[in-house]
Amino acid sequence: MRRIVIKVGSNVLTTDKGKLDITRVSSLVDQIAWLKEHRYEVILVSSGAVACGRQELKVEYALDSVEQRQLFSAIGQVKLVNLYYDLFREYGIHMGQVLTTKENFQPGDQYENQRQCMEVMIDNGVIPVVNENDTVSITELMFTDNDELSGLIARMMKAETLVLLSNIDGIYTGNPDDSDVEVIRSVKAGESLEQYIQSSKSSAGRGGMESKYHTARTVADAGIKVIIANGNTPDILINLATKPEETIHTEFVPKC
């Protein structure tokens with residue numbers, strides 16, 4: 001069995017108007033079902049709860065950033081998980097929700113309990129769907145974003161591969177909008193790409209390529225392969241598994 005952590009960002013799961021893209025979520029589930037059928041152990045780190053909640057409720061007065069995250073995530077997480085539940089059930093696959101906080105990754109009982117919970121889920125064929133517990137996380141205790149969370153999960157669960165799905169094909173040698181740039185296909189251990197990384201955030205979430213790069217570098221240095229790829233590309237997960245040489249992405253070679 002090959003253990004893989006898949007992180008999917010808000011920009012993959014939502015439309016240009018910020019609404020949940022049901023077709024995209026369904027496609028993601030189809031691909032994960034294929035991975036399960038081909039003997040992959042899958043852990044899904046899914047963004048999108050806040051975006052879901054924001055579309056469900058119109059607030060009559062101004063909320064600060066913490067209140068918005070708490071309110072919209074509480075509403076949106078239910079909608080998101082119910083959708084995953086229904087879609088996975090079509091394949092006879094069980095999924096379970098894991099909500100976590102940064103405190104749970106400190107050494108001790110909480111860390112071990114969280115790890116054991118996901119191990120027993122995987123042992124019983126259940127896909128853990130992980131997200132930050134935004135209802136109790138406040139600014140100083142929040143993950144930087146779900147890229148950071150997925151990296152911590154990959155190391156905790158001793159995954160073979162971490163896949164970071166974004167809305168671009170990987171790390172480019174320049175501005176992705178320029179015609180003369182290309183995707184960097186392989187990054188060796190210790191190789192720096194700082195000169196190619198832009199610090200801008202994504203429009204729907206908290207992350208950006210800078211965050212993905214630093215997560216990928218840290219996780220690869222821990223001996224886990226990391227792939228940055230475009231979650232909007234049809235069958236991207238299946239293509240990465242079956243024909244990686246033909247599939248555009250950036251791969252961080254794990255440190256031995």
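In this predicted model, the axes of helices H6 and H7 come within 9 Å and cross at roughly 15°. Angles under 35 degrees count as roughly parallel, so H6 is roughly parallel to H7. If you look at how the two helices pass, you will find that H6 makes a right-handed crossing with H7.

Which residues meet where these helices touch? On the H6 side they are Asp147, Glu148, Gly151, Ala154 and Arg155, and on the H7 side Ser211, Lys212, Thr215, Thr218 and Val219. Sorted by character, the residues of this contact divide into 2 nonpolar, 4 polar and 4 charged.

**A closer look at H7**

Helix H7 covers residues 209–221, which is 13 residues. From its first C-alpha to its last, H7 reaches 18 Å, close to the 18 Å expected at 1.5 Å a residue. An α-helix has 3.6 residues a turn, so residues three or four places apart point the same way.

Which residues of H7 are buried? They are Met209, Ser211, Lys212, Tyr213, Thr215, Ala216, Arg217, Val219 and Ala220. What do these buried residues pack against? Their partners are helix H6 (146–156) and the strands S1 (2–8), S5 (161–166), S6 (186–187), S7 (225–230) and S8 (250–252). After H7 comes Gly223, and the phi of Gly223 is positive, near 95°.

**Two loop residues with positive phi**

Positive phi values also turn up in residues other than glycine, namely Arg39 and Lys158. Here they are side by side:

| Residue | Loop | Phi | Relative accessible area |
|---|---|---|---|
| Arg39 | between H2 (22–37) and S2 (40–46) | near 70° | 52% |
| Lys158 | between H6 and S5 | near 55° | 69% |

Are these two residues buried or exposed? Exposed means over 50% relative accessible area, so Arg39, at 52%, counts as exposed, and so does Lys158, at 69%. Lys158 also links back to the helix pair, since the loop that holds Lys158 lies between H6 and S5.

**A buried serine in H1**

Now travel to another helix. Ser10 lies in helix H1, which spans residues 10–13. Why does Ser10 count as buried? Its relative accessibility is 11%, and buried means under 20%. Ser10 and Leu20 are 10 residues apart along the chain, and their C-alpha atoms are separated by 8.7 Å.

Methods: Residues numbered from 1 in each chain as written. Predicted model: local features only at pLDDT ≥ 70, side-chain atom pairs only at ≥ 80, totals over all residues. Heavy atoms only, no water. Helix = DSSP H or I, 4+ residues; strand = E, 2+ residues; numbered from the N terminus. Expected span 1.5 Å × (residues − 1). Buried < 20%, exposed > 50% of the residue type's maximum accessible area, 1.4 Å probe, protein only. Contact = heavy atoms within 4.5 Å. Axes fitted to C-alpha atoms, helices over the stretch in contact; angles between N-to-C directions. Parallel < 35°, antiparallel > 145°, perpendicular 65-115°, else oblique. Left-handed = near helix turned anticlockwise from the far one by under 90°. Nonpolar A, V, L, I, M, F, W, Y, C, P; charged D, E, K, R; others polar.
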